[in-house]
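Hi,

Here is the structure I promised to pass on to you. Could you have a look at it and then read my notes below?

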Amino acid sequence: RKEIRLLDDPIDSESNSQPHIPENVLFSSQVEVILEMKVPIVSFVFGVPEYETIRKLRDANVTLIGTATTVEEALYLQTAGVHLVIAQGCEAGGHRGTFLGSDYTYAEACIGNFALIPQMVSKVAIPVLAYGGIMNGNGVIAALVLGASAVVLGTAFLASVESGASPEHKASLLSMEDRPTIITRSFSGKPTRVIANGYTEFMGEEEHMIPHYPVQHNLTMDVLKMGIKQDNNNLI
């Protein structure tokens with residue numbers, strides 16, 4: 001917990017940086033907190049935890065949910081020992097969960113949800129949860145008909161009262177209609193589906209030069225904070 005709290009420390013005004021904690025140390029600390037607090041369900045993206053971590057969580061009767069963007073990834077997760085797998089369709093908002101391949105080949109794993117669900121259901125023995133582009137009851141029914149055991153909704157709740165999204169961002173979501181979304185690495189260094197805006201248009205020409213996560217994430221934090229503070233949708 002001590003290592004986790006360090007991330008909330010204010011940025012040093014002179015060095016303009018936060019205390020550095022190796023990712024493996026931070027992750028191990030998070031796992032220990034999960035075990036200590038007896039968290040019943042853990043989900044993850046961006047790959048598969050190490051075998052020892054999976055073993056510890058399973059021994060503690062923690063239900064594990066992994067994220068896959070291809071059938072190959074779903075089979076990999078099943079072999080690793082997860083209990084359920086999320087089928088993340090190309091329509092899904094937020095970060096892409098592709099982990100078998102590089103950030104530069106994520107487009108190859110951009111499969112539409114209603115094409116991905118039945119393929120995944122037919123190949124794995126564990127329950128498949130549908131995720132991506134499902135915003136209402138019709139989408140839920142369609143996913144279940146295709147074989148999904150349940151659905152995962154994310155963007156559908158961003159405009160809710162409980163959401164931490166800015167008022168401007170909520171209003172944008174509710175009024176976007178056919179406004180395009182794109183997949184870009186410009187915000188964090190990892191491929192992410194976002195609403196196209198002035199920032200993504202500007203950065204799109206330099207996409208090939210964008211550093212990987214977490215470097216780009218750290219570089220753009222101040223830009224995002226300013227956009228939220230100003231309710232400026234061209235920056236968030």
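Glu32 is a good place to begin: in this predicted model, its relative accessible area is 41%, so Glu32 is partly exposed. Its side chain meets that of Lys56 in a salt bridge, with 3.5 Å from N to O. This pair joins distant parts of the chain, as Glu32 belongs to helix H2 (residues 23-36) and Lys56 to helix H3 (residues 51-59), 24 residues apart. Lys56 has a relative accessibility of 33%, so Lys56 counts as partly exposed too.

How many salt bridges does a search of the whole structure find? There are three, and the two still to describe share Arg55.

One of them pairs Arg55 with Glu52, where the closest N and O atoms are 2.3 Å apart. These two residues are separated by about one helical turn, because they sit three residues apart in helix H3. The other pairs Arg55 with Asp59, and here the closest N and O atoms are 2.8 Å apart. Asp59 and Arg55 are four residues apart, again in helix H3, which is about one turn of the helix. Taken together, Glu52, Arg55 and Asp59 are linked in a network of salt bridges.

Are the members of this network exposed or partly exposed? Glu52 is partly exposed, at 37% relative accessibility, and Arg55 is partly exposed as well, at 32%. Asp59 has a relative accessible area of 53%, and because the cut-off for exposed is over 50%, Asp59 counts as exposed.

Now to the pockets, which may be of interest for your own work. The second largest pocket holds about 1,200 Å³ of space. Which residues come closest to its centre? They are Gly94, Leu158, His169, Arg193 and Val194, out of 41 residues that line this pocket. Two or more lining residues come from each of strand S4 (94-95), helix H7 (167-175), strand S8 (192-195) and helix H9 (215-230). H9 provides the largest share of the lining, with five residues. By type, the lining of the second largest pocket is made up of 20 nonpolar, 17 polar and four charged residues.

That is what I have for now, and I would be glad to hear your thoughts.

Best wishes

Note on methods: Residues numbered from 1 in each chain as written. Predicted model: local features only at pLDDT ≥ 70, side-chain atom pairs only at ≥ 80, totals over all residues. Heavy atoms only, no water. Salt bridge = Lys/Arg side-chain N within 4 Å of Asp/Glu carboxyl O. Buried < 20%, exposed > 50% of the residue type's maximum accessible area, 1.4 Å probe, protein only. 1 Å grid on protein atoms, 1.4 Å probe; cavity = no way out; pocket = protein on both sides within 12 Å on 5 of 7 lines; lining within 4 Å. Points joined across faces, edges and corners; volume = space filled by probe spheres on them. Nonpolar A, V, L, I, M, F, W, Y, C, P; charged D, E, K, R; others polar.
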